[in-house]
Amino acid sequence: PAGVDMAMEKVTKVAAEKWFDHLQRFFQSMRMAEYDWMKTNRRMMMKHRLLAPTQYTERLGPCVIFSDASGSCYYGAVQAQFATHMNAILSEAQPSKLYVAHFDTIVHKMDEIDLGAYEVESTPKGGGGTSFTDLFPYLEREGIYPDVVIILTDMYGTFPTEEPGYPVIWASTTKGIVAPIGETIYIGGE
């Protein structure tokens with residue numbers, strides 16, 4: 001019967017992954033864990049009498065966060081939500097450098113966040129239309145070569161057509177719109 005099919009769809013439906021779990025997995029995959037035989041693992045030596053290498057994890061390289069400050073995202077509630085996401089990314093990823101910039105049709109001043117900072121404090125500038133086409137050329141002009149770019153946006157704007165050569169994550173407040181390049185995840189909102 002039709003009711004069984006509907007019940008099976010609910011049971012077999014894949015659960016949506018929360019945005020912060022997705023980003024956490026992404027950042028963990030970008031960090032490189034390696035073994036160093038020059039330094040032995042003293043804990044293994046003392047506890048199990050085994051000679052073992054130490055393991056160390058390299059820090060994530062430069063990370064860029066672009067925050068949409070166009071007219072549709074310039075409201076206090078949306079900017080507060082974006083600031084919350086930026087702070088979660090900062091505490092989770094702990095990149096070697098973090099750059100934060102607000103944009104509408106152009107990229108406004110980019111801030112470099114100190115590694116010891118616990119919160120991103122950045123005042124948005126913008127309020128105009130939205131275009132994503134200047135984001136990657138801006139980084140190239142500034143000589144910034146990130147390990148990852150995260151774009152916090154509602155996805156309403158003009159998209160670039162070429163991949164920039166590094167991972168791009170579109171953190172969208174709008175369901176159903178997928179960027180033509182990079183990876184799109186839904187972070188809540190509409």
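**A colleague's note on the sheet, its cores and two buried loop residues**

1. Let's start with one pair of residues: valine 149 has valine 168, in strand E7, as its bridge partner. Bear in mind as you read that this is a predicted model. The two strands involved, E6 and E7, run parallel and are joined by five bridges.

2. Stepping back, the protein chain holds five helices and eight strands. Along the sequence they follow the pattern α-α-β-α-β-β-α-β-β-α-β-β-β. Of its 190 residues, 39% are buried. The chain exposes about 11,500 Å², and carbon and sulfur atoms supply 54% of that area. Among contacts with a separation of 6 or more, 55% link residues 24 or more positions apart.

3. Now for the sheet. Six strands make an open sheet with mixed pairing, in the order E5-E4-E3-E6-E7-E8. E5 and E8 are the edge strands, each pairing on one side only. On average, neighbouring strands in this sheet are turned by 20 degrees against each other, ignoring direction.

4. E6 deserves a closer look. Besides its link to E7, this strand pairs with E3 in the parallel sense, again over five bridges. Isoleucine 150 of E6 stands opposite isoleucine 65, and isoleucine 150 also stands opposite isoleucine 169 in E7. If you follow that row across, you pass through three isoleucines: 65, 150 and 169.

5. Is E6 mostly covered or mostly open? It is mostly covered, with six of its six residues buried. In a regular strand, side chains alternate between the two faces of the sheet. Here both faces of E6 are covered: Val148, Ile150 and Leu152 are buried on one side, and Val149, Ile151 and Thr153 on the other.

6. Which residues touch the most other members of the largest nonpolar core? They are Phe66, Met110, Leu139, Ile151 and Trp170, out of 22 residues in that core. Strand E3 (63-68), strand E4 (98-103), strand E5 (107-113), helix H5 (135-142), strand E6 (148-153) and E7 each give two or more residues to it. H5 brings the largest share, four residues. Apart from this core lies another, of twelve residues, including Cys63, Val100, Ile113 and Ile150.

7. Helix H5 is worth viewing against the sheet. The helix lies across E3, E4, E5, E6 and E7, and runs at about 55 degrees to E5. Leucine 139, leaving aside neighbours within four places in sequence, is in contact with Val64, Phe66, Met110, Ile144, Pro146, Val149 and Tyr166. Valine 149, from my opening point, is thus among the contacts of leucine 139.

8. Finally, two residues in the loop between E7 and E8. Isoleucine 181 sits there, and it counts as buried because its relative accessibility is 4%, under the 20% cut-off. Leaving aside neighbours within four places, isoleucine 181 is in contact with Phe136, Pro160, Thr161, Glu162, Glu163, Pro164 and Trp170. The C-alpha atoms of isoleucine 181 and glutamate 163 are separated by 6.1 Å, although the residues are 18 apart along the chain.

9. Threonine 174 belongs to that loop too, between strand E7 (168-172) and strand E8 (183-186). Why does threonine 174 count as buried? Because its relative accessibility is 5%, and buried means under 20%. A polar atom of the threonine 174 side chain lies 2.8 Å from the backbone oxygen of aspartate 154.

Notes:
Residues are numbered from 1 along each chain as its sequence is written. This is a predicted model: local features need pLDDT of at least 70, side-chain atom pairs count only at pLDDT 80 or more; totals for chains, interfaces and linings use all residues. Side-chain values use heavy atoms; hydrogens and water are left out. Buried means under 20% relative accessible area, exposed over 50%, partly exposed in between (1.4 Å probe, protein chains only). Contact means heavy atoms within 4.5 Å. Accessible areas come from the Shrake-Rupley method with a 1.4 Å probe; for residues, only the protein chains shown count as cover. A polar contact is a pair of N or O atoms within 3.5 Å; within protein, one must be able to donate a hydrogen and the other to accept it, and residues adjacent in sequence count only if both atoms are side-chain atoms. A nonpolar core is a set of buried Ala, Val, Leu, Ile, Met, Phe, Trp, Tyr and Cys residues joined through side-chain atoms within 4.5 Å. Two strands pair if DSSP finds at least two bridges between them. Axes are lines fitted to C-alpha atoms, for helices over the stretch in contact, and angles run from 0 to 180 degrees between N-to-C directions.
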